[in-house]
Amino acid sequence: MIDLVNVRKSFGDLEVLKDINIHIDEKEIYGIIGQSGAGKSTLLRCINGLESYESGTITVEGTTVNVKDKNALRQLRRNMGMIFQNFNLLERLDVYDNVALPMRFWGINPKTDESRKKIEDLIELVGLKDKMHARPAELSGGQKQRVAIARALVNDPKILLCDEATSALDPRITKGILALLKKINEELGITIIVVTHQMEVVKELCQRVAFLKHGVVLAEGKPEELFVQPSADIKKFLGEEGQALPTTGVNIQLFFLDETSDEPVVTEMARELNIDFSICWGKLEEFRSNVFGSLVINVKPEQKDAVVKYLEDKNVKCEVL
């Protein structure tokens with residue numbers, strides 16, 4: 001649905017996007033992550049034409065994003081909803097009129113029976129039926145973001161762009177917003193692109209993710225593939241570099257990324273090989289309702305080959321550290 005090919009973008013002498021190549025499928029929830037200054041938000045603004053780019057191509061549903069072609073860009077933006085970190089609600093308008101605002105912008109009468117029903121249905125979808133005529137000052141941060149989501153959906157977009165949409169919210173409210181975005185994706189079939197630096201957002205919501213650093217895509221894939229067996233750069237992003245492991249014996253890291261996650265591999269190995277070992281480090285995390293993770297065990301040097309062979313026979317990915 002969305003293709004970025006060799007996209008480059010600079011601000012003066014500073015190159016913020018360098019040969020970006022990304023493909024996003026229809027109805028996918030795709031994450032773009034990285035530290036502040038990685039180029040995440042700039043990339044998102046290039047996709048919807050708020051920023052120009054120097055070279056390469058960005059294609060959305062077969063249409064090339066070109067800021068100079070105002071008519072094509074206007075139509076393209078109509079098919080995109082945008083959610084921001086700071087909600088961007090008008091304080092003088094109630095929930096209903098904030099949601100109706102894009103209709104007015106596009107010359108659609110929000111007072112017709114059809115428009116009124118659509119607006120009310122969206123407000124109910126985001127769980128704010130009882131707040132329909134409340135002003136933003138009367139709402140919590142999570143409720144304001146729900147209004148912003150309903151507003152982004154009012155013109156039936158095919159794509160929803162989320163720029164750090166949960167960064168200002170506490171963990172409990174964030175969880176509710178992520179559940180709402182997942183519901184929107186499943187029930188309305190809307191493609192969602194999420195820019196974030198929050199790992200809980202990536203793990204709970206995204207089907208695939210691109211990791212940006214200094215404007216370069218260093219890694220792309222399923223979140224569990226990137227973060228259960230992270231590269232050095234991703235370890236640094238996660239704050240996991242420099243694990244304190246034993247300096248004697250042999251440290252072996254086991255990765256659980258598939259159905260082996262549910263099998264008692266470690267205890268079976270101890271019994272079948274008749275060995276003892278220490279568990280030095282471990283992490284289990286939930287990715288879209290599936291639990292994946294890794295474990296580091298320490299064995300005697302003479303046990304290393306037998307342990308590695310056993311794990312390989314069981315199709316458990318492992319690495320001698």
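**Salt bridges and a cavity in a predicted model**

The structure holds 16 salt bridges. The model shown in every view is predicted. Side chains of opposite charge can pair when their charged atoms come close.

**View A. A salt bridge within helix α4 links Lys117 and Asp121.** The side chains of these two residues meet at 2.7 Å, N to O. Lys117 and Asp121 both belong to α4, which covers residues 113-125. They sit four residues apart, about one turn of the helix. Lys117 is exposed, with a relative accessible area of 51%, because the cut-off for exposed is over 50%. Asp121, at 36% relative accessibility, is partly exposed.

**View B. Glu204 and Lys175 form a salt bridge between two helices.** The distance from N to O in this pair is 3.1 Å. Glu204 is in helix α7 and Lys175 in helix α6, so the salt bridge ties together parts that lie 29 residues apart in sequence. Lys175 is partly exposed, at 49% relative accessibility.

**View C. Glu224 and Arg288 form a salt bridge between a helix and a loop.** The side chains meet at 3.2 Å, N to O. Glu224 lies in helix α8 (residues 223-228), while Arg288 lies in the loop between β12 (278-287) and β13 (290-299), so this pair ties together parts 64 residues apart in sequence. Glu224 is buried, with 6% relative accessibility, because buried means under 20%. Arg288, at 23% relative accessibility, counts as partly exposed.

**View D. Arg8, Glu15 and Asp19 belong to one salt-bridge network.** Salt bridges with shared partners join these three residues.

**View E. The largest cavity has a volume of about 50 Å³.** Rolling a probe the size of a water molecule over the atoms shows where empty space is left. The count of cavities of 30 Å³ or more comes to one. Residues lining the largest cavity include Cys162, Glu164, Ala165 and Thr166. Also among them are Leu178, Leu181, Val194, Val195, Thr196, Val201 and Leu205.

**View F. Helices and a strand contribute to the lining of the largest cavity.** At least two lining residues come from each of α6 (171-188), β8 (191-196) and α7 (199-205). Strand β8 supplies the largest share, three residues. By residue type, the lining divides into eight nonpolar, two polar and one charged. Helices α6 and α7 also carry Lys175 and Glu204, respectively, the salt-bridge pair of View B.

Definitions and conventions: Residues numbered from 1 in each chain as written. Predicted model: local features only at pLDDT ≥ 70, side-chain atom pairs only at ≥ 80, totals over all residues. Heavy atoms only, no water. 1 Å grid on protein atoms, 1.4 Å probe; cavity = no way out; pocket = protein on both sides within 12 Å on 5 of 7 lines; lining within 4 Å. Points joined across faces, edges and corners; volume = space filled by probe spheres on them. Nonpolar A, V, L, I, M, F, W, Y, C, P; charged D, E, K, R; others polar. Salt bridge = Lys/Arg side-chain N within 4 Å of Asp/Glu carboxyl O. Buried < 20%, exposed > 50% of the residue type's maximum accessible area, 1.4 Å probe, protein only.
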